[in-house]
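Dear colleague,

I am handing over the structure we spoke about, and below it you will find some notes to read beside it. Please keep the view open while you go through them.

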Amino acid sequence: WYKPSLQALAARLAESGIDTWVIDGDVPQKQRGPIITAFQNGQKRVLLGTISTMGESINLQRANHVIRVDRCFNPAMNQQAVDRVDRQGQERECYLTDIVAEDTVDDLVVLPNLANKDALRAVVFGGQS
C-alpha cells in the first residue's frame, strides 16, 4: 500500500539533504529490525513507512512526530501510526499531522468518512475520537 507516495516523499527529502530510511512491503522482515534499532539510536532523523508495514509490534519512542501522507479507510490502522511513537517510555509530547491535498478525493471524500468512523468508534467503544 501507498508505496508511490512513500518513495516520492523519500526522494523529495533526499533532494533537501535529509537522509531517511524507508520500510515498506519490499523490505524483508529480517532487515526491518536493524533499521528500527538504528533509528532509535539516532543514526538518521527520519523513518518512513507504510501504514501496513509499520502498524504492529514496533516501538519508536525516539520519534514524537507522525506525518501521515496517506490514510487507510480503517481508522484503527491509521491510529496505529500514532501508537508507534506514543508508547510506554515516551518522554515527549507526540504530534500528528495529516497532509491533505485540497479539492482531491482526500479532502472531499476520505477525510469526512474517516471523521465519521472515528466518531462512531468513540461512541461505541468510548474514549476520544
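The face of helix α2 that is turned away from its buried side carries two exposed residues, Lys30 and Pro34. Please bear in mind throughout that this is a predicted model.

On the other side of the matter, the buried residues of α2 are Arg32, Ile35, Ile36, Ala38 and Phe39. Seen down the helix axis, these buried residues fall within an arc of 160 degrees, and so they line one face of α2. The general background is that an α-helix has 3.6 residues a turn, so residues three or four places apart point the same way. What covers the buried residues of α2 includes the strands β1 (20-23) and β2 (46-49), together with the helix α3 (51-54).

The length of α2 can be checked too: with 12 residues (29-40) at 1.5 Å a residue, the helix should span 16 Å, and because its end C-alpha atoms are 17 Å apart, the two values agree. After α2 comes Gly42, whose phi is positive, near 85 degrees.

Let me turn to a residue in another helix, Leu6, which has its place in α1 (residues 3-15). Is Leu6 buried or exposed? Its relative accessibility is 8%, and because buried means under 20%, Leu6 counts as buried. Leaving aside residues up to four places away in sequence, Leu6 touches Val22, Ile23, Asp24, Leu48, Gly49 and Thr50. Of these, Val22 lies 16 residues from Leu6 along the chain, while the C-alpha atoms of the pair are separated by 7.8 Å.

With best wishes

How values were computed. Residues numbered from 1 in each chain as written. Predicted model: local features only at pLDDT ≥ 70, side-chain atom pairs only at ≥ 80, totals over all residues. Heavy atoms only, no water. Helix = DSSP H or I, 4+ residues; strand = E, 2+ residues; numbered from the N terminus. Expected span 1.5 Å × (residues − 1). Buried < 20%, exposed > 50% of the residue type's maximum accessible area, 1.4 Å probe, protein only. Arc of directions from axis to C-beta. Contact = heavy atoms within 4.5 Å.
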